[in-house]
Amino acid sequence: MNVYLIVHPVPNNLNQIIKKPAYVIAVDQGLFDAYKQGVFVDLAIGDFDSLSDISLLDKVLYKRLNPVKDITDTEAALQYALSLNPAHTYILGGIGGSRLEHSYANLLLLFDYDNVSIMTSESVVVKFNVGMHKTKFSGYINIFSQNQAVISLTGFKYELDTYKLKMFDRLGISNELKDTEGTIKVHSGSILVVYTKKEQ
């Protein structure tokens, strides 16, 4: 079973993204977003300081967090999700909106937790550890490192051979496949890969 965290701002097609069987957790204002799209929520988690309609808590099982804490509502919900031992955890949304710092913090979560992806209407963000990773994605493929990673890219428009991708290195942005399939080899370290659709 997969777990889905609904985190504001959310994609506009939640019901199409969520595949059953699933356990769905709405994080704070994400509960309102889920309600608007008619998504069934198994549990709501948060301090609910940003929930625009607090009466929604009367309709769902919820876990209220202390607003004075050392982690975000999203990270607390992610920790709960991982305690369920899911096959994979998807954060639906959490990127964009008026709180840039939350977007950045959510991206950083992927470096600390395994088997977690972030999905927006335009992009999917995943973490790759050491190993060979195949892709057939036809849009933009963007690669970033938290500290330093050594990577090779084959089948890409811009290929790399055992390149040391350092922290804050922007070389990996806006790459794409030149073949139908490409390979990302991570020799050491870990990377974030952002798959972004091309505008139609």
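**Figure 1. A149 and its cross-strand partner in the β10–β11 pair.** A149 stands opposite L165 of β11. The model shown here and in the other views is predicted. Strand β10 covers residues 148-154. Strand β11 covers residues 160-166. The two strands run antiparallel and are joined by five bridges. Together β10 and β11 form a hairpin, with five residues between them. G155 sits in the turn and has a positive phi of about 80°.

**Figure 2. Strand β10 and its pairing with β12.** Strand β12 takes in residues 182-188. It pairs with β10 in the antiparallel sense, over five bridges. T154 of β10 faces T183, which stands opposite in β12. Five of the seven residues of β10 are buried, so the strand is largely enclosed by the rest of the structure.

**Figure 3. Strand β13, buried along its length.** Strand β13 consists of residues 191-196. Six of its six residues are buried, so the rest of the structure largely encloses the strand. The side chains divide into two sets. I191, V193 and Y195 point one way. L192, V194 and T196 point the other way. Residues of both sets are buried.

**Figure 4. The two strands that pair with β13.** Strand β7, residues 123-128, pairs with β13 in the antiparallel sense over six bridges. Within this pairing, V125 has V194 of β13 as its bridge partner. Strand β9, residues 140-145, is also antiparallel to β13 and is joined to it by six bridges. S145 stands opposite I191 of β13.

**Figure 5. Helix α3 and its cover.** Helix α3 spans residues 73-83. Its buried residues are D73, T74, E75, A76, A77, L78 and A81. Several elements contribute to the cover over these residues. Among them are the strands β1 (2-7), β2 (22-27), β3 (43-46), β5 (89-93) and β6 (116-119). Helix α4 (100-112) is also included in that cover. N85 follows α3 and has a positive phi, near 55°.

**Figure 6. G94 in the loop between β5 and α4.** G94 lies in the loop that links these two elements. Its relative accessibility is 2%, so it counts as buried. Neighbours within four places in sequence are left aside here. Beyond them, G94 is in contact with V7, H8, P9, H102, S103 and N106. K164 is 70 residues from G94 along the chain. The C-alpha atoms of G94 and K164 are separated by 29 Å.

**Figure 7. The whole chain, for orientation.** The protein chain holds four helices and 13 strands. Its C-alpha trace spans about 55 × 35 × 30 Å along the principal axes. The radius of gyration is 18 Å; a compact globule of 200 residues would have one near 16 Å, which agrees. Of the 200 residues, 48% count as buried. Among contacts with a separation of 6 or more, 58% are between residues 24 or more positions apart. The chain exposes about 10,800 Å², and carbon and sulfur atoms supply 52% of that area. There are 19 positive and 21 negative side chains. The centres of the two charge sets lie 6 Å apart.

Methods
Residues are numbered from 1 along each chain as its sequence is written. Side-chain values use heavy atoms; hydrogens and water are left out. Buried means under 20% relative accessible area, exposed over 50%, partly exposed in between (1.4 Å probe, protein chains only). Two strands pair if DSSP finds at least two bridges between them. The radius of gyration is taken over C-alpha atoms; the globule rule is 2.2 Å times the number of residues to the power 0.38. Contact means heavy atoms within 4.5 Å. Accessible areas come from the Shrake-Rupley method with a 1.4 Å probe; for residues, only the protein chains shown count as cover. Lys and Arg count as positive and Asp and Glu as negative; His and the chain ends are not counted. The place of a charge is taken as NZ of Lys, CZ of Arg, CG of Asp or CD of Glu.
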